[in-house]
Amino acid sequence: MTIKPIKNRISMFVLFLTILPAMVLAETGKAPDAKAAKRGAATFEKYCVACHGKKGIGGVSPPSMLRSPGFITPPTLNGSGHTWHHTDKDLLRTILEGSPRPNTMPAWKGTITTKQARDVLDYVKSLWPERSLKCQGPNHMSCKYK
Ligand code: HEC
C-alpha cells in the first residue's frame, strides 16, 4: 500500500498544473475607484470623447470612400465592446503607448500623466456592468460569474 501516497502526490501535482494557468492568468478585476473615475471623466471629456464618444459608446465610422487606408473605427470602451477582455495592465499600456497599428490611436504618454491614465481607466471601468468587472481579462470566456 505504499503506492497510494505516490498516487496522491501525482494527483496533487496534476491538480496544481491544472490550476496554475488560472493562477497566472487571473485578472485583478479591480473595481474602479469612484473618486478616480470622477477625475478620469474630466480627462476623458478632454482627450478621448472626440473618438470614443460620450460614455465610451464608440466612434462613428465615416463613409468608406472618405476613410483613409487602414482606418479603424474607434471602438466602444463600455461593457458592450471587448475592452474588458484586456487586463488593466494591457489597457494602461494601450492608453499610454497607443495602438501598435499605425494611424489609429496615438500614444497619450506626454499628453497625460500615468496617474491620469489610471484615472481615465477607472472611469472607463465605471461604465462596465458588474460581470465585465468580475470577468475582466483573459479568463472572460470561462468566467462563471453571471
Ligand atoms: C484619434 C482618435 C482617438 C482618440 C482621441 C482616442 N482614441 Fe482610443 N482608440 C482609437 C482607435 C482607432 C482605437 C483602436 C485601435 C486598434 O484597434 O488598433 C483605440 C483603442 C483604444 C483602447 C483599446 C480598446 C480595446 O477594446 O482594446 C483604449 C483602452 C482606448 N483607445 C482608450 C483611449 C483613451 C483613454 C483616450 C483618451 C486619453 C483615447 N483612447 C483617445 C482612437 C482614439
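Here is a short walk through this structure, from the overall fold to one helix pair and then the ligand.

What you're looking at is a predicted model. Start with the big picture: the protein has 6 helices and 0 strands, so if you follow the chain along its sequence, the pattern simply reads α-α-α-α-α-α. Of its 146 residues, 21% are buried. The chain also brings distant stretches of sequence together: take the contacts between residues at least 6 apart in sequence, and 64% of them join residues at least 24 apart.

Now zoom in on one pair of helices. H2 covers residues 34-47 and H5 covers residues 114-126, and the two pack with their axes 7 Å apart at an angle of about 100°. Angles of 65 to 115 degrees count as roughly perpendicular, which means H2 is roughly perpendicular to H5. So who meets whom here? On the H2 side, look for Ala36, Ala37, Arg39, Gly40, Ala41, Thr43 and Phe44. Across from them, H5 brings in Gln116, Arg118, Asp119, Val120, Leu121, Asp122, Tyr123 and Ser126. It's a mixed crowd, with 7 nonpolar, 4 polar and 4 charged residues in this contact.

Last stop: the ligand. There are 23 residues around it, and the ones that come nearest are Cys48, Cys51, Thr83, Ser99 and Met105. Which elements give two or more residues to this shell? They are helix H3 (49-52) and helix H4 (88-97). By class, the shell around the ligand holds 14 nonpolar residues, 8 polar ones and 1 charged one.

Key: Residues numbered from 1 in each chain as written. Predicted model: local features only at pLDDT ≥ 70, side-chain atom pairs only at ≥ 80, totals over all residues. Axes fitted to C-alpha atoms, helices over the stretch in contact; angles between N-to-C directions. Helix = DSSP H or I, 4+ residues; strand = E, 2+ residues; numbered from the N terminus. Parallel < 35°, antiparallel > 145°, perpendicular 65-115°, else oblique. Contact = placed C-beta atoms within 7 Å. Nonpolar A, V, L, I, M, F, W, Y, C, P; charged D, E, K, R; others polar. Buried ≥ 20, exposed ≤ 12 C-beta atoms within 10 Å, placed from the backbone. Near = placed C-beta within 6 Å.
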